[in-house]
Amino acid sequence: MPETPAQQLDDHLAVAGRTRELMPRLHAVADELTEVFRTGGRLWTFGNGGSAADAQHLAAELIGRYLRERRPLPAVALTTDPSVVSCIANDYSFEELFARQVRALARPGDMVIGFTTSGRSPNVVRGLAEARTAGAVTVLFCGGEQHGMPAAEHADHSLVVPATATARIQEMHLMLLHLLSEQVDAWAAGTGAAAAPRADRAADAAADDTDRLETSA
């Protein structure tokens, strides 16, 4: 029997609590993405259905803005050109939908993010595999019972929502992409903890220590 709205809300809150465990991985993805943008790379992202909407949402937050006025960031959702999508699906196969675009566009120093609630969408799996071959950083947003497999085999970072219901997984994906947007937004605006890559943060800390020693001397 379907759950009542109140039961679904309780389930949402429970999954959100468990999703807190993904925060260290999300911070790692944010660090990698800011480094991609800092060094002139691009973000390519994709998914099917509701996951396509998530991919487009993330690209929109980065090209537009999240909370702050800052420069636009180069992010492209590979789901938005109907001529390209229908051409690949018709002339090759739907499974090649993202892989062929990634092969054409992604380069070392870029990041590729795939969204799939099950971790099993063949075109997302192939897209991530092609991205890894291209030398891009690969990230998977997923859920389900198989820990994101087989897509996770091709991901440098996997954000696996601890849930099996598609609705709950997509709700957490939205929250996670907003949290990722916040960290990148803060970096691009020159504020916040993600303002510099980790290596730069260590160098800045060392320089600050040197300055304090010279001042005290």
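Within the largest nonpolar core of this predicted model, which comprises 33 residues, the members that touch the most other members are L33, F37, L43, L62, M111, I113 and L180. Two or more residues of this core come from each of the helices α2, α3 (50–63) and α7 and from each of the strands β2 (75–77), β3 (111–115) and β4 (137–142). Helix α7 gives the most, contributing eight residues to this core. Separate from it is a second core of 21 residues, whose members include L78, I88, V112 and L140.

F37 illustrates how such a core residue is surrounded: leaving aside residues up to four places away in sequence, F37 touches L43, L62, R71, L73, P74, V184 and W187. Two of the residues named here, L43 and L62, are also listed with F37 among those that touch the most other members of the largest core.

Three further residues, each placed in a helix or strand, are set side by side below.

| Residue | Element | Relative accessible area |
|---|---|---|
| S158 | strand β5 (residues 157–160) | 16%, buried |
| H27 | helix α2 (residues 23–38) | 37%, partly exposed |
| D185 | helix α7 (residues 166–188) | 0%, buried |

D185 belongs to helix α7, which spans residues 166–188, and D185 counts as buried because its relative accessibility is 0%. The side chain of D185 makes a polar contact with the side chain of R70, at 2.8 Å. Apart from residues up to four places away in sequence, D185 touches R65, Y66, L67, R68 and R70, so that R70 appears both as a neighbour and as the polar partner of D185.

H27, in helix α2, counts as partly exposed because its relative accessibility is 37%. Although H27 and Q183 are 156 residues apart along the chain, their C-alpha atoms are separated by 8.1 Å.

S158, in strand β5, is buried because its relative accessible area of 16% falls under the 20% cut-off. When residues up to four places away in sequence are not counted, S158 touches R25, L140 and A152; of these, L140 is a member of the second core.

As to confidence, the mean pLDDT of the chain is 89, and 87% of its residues reach 70 or more. Over residues 193–217, however, the pLDDT is below 50, and this stretch has 15 contacts in the model beyond near neighbours in sequence. Where pLDDT is low, predicted coordinates should not be read in detail.

Note on methods
Residues numbered from 1 in each chain as written. Predicted model: local features only at pLDDT ≥ 70, side-chain atom pairs only at ≥ 80, totals over all residues. Heavy atoms only, no water. Helix = DSSP H or I, 4+ residues; strand = E, 2+ residues; numbered from the N terminus. Buried < 20%, exposed > 50% of the residue type's maximum accessible area, 1.4 Å probe, protein only. Contact = heavy atoms within 4.5 Å. Polar contact = N/O pair within 3.5 Å; in protein donor to acceptor, adjacent residues only side chain to side chain. pLDDT = per-residue confidence, 0-100. Core = buried A, V, L, I, M, F, W, Y, C linked by side-chain atoms within 4.5 Å.
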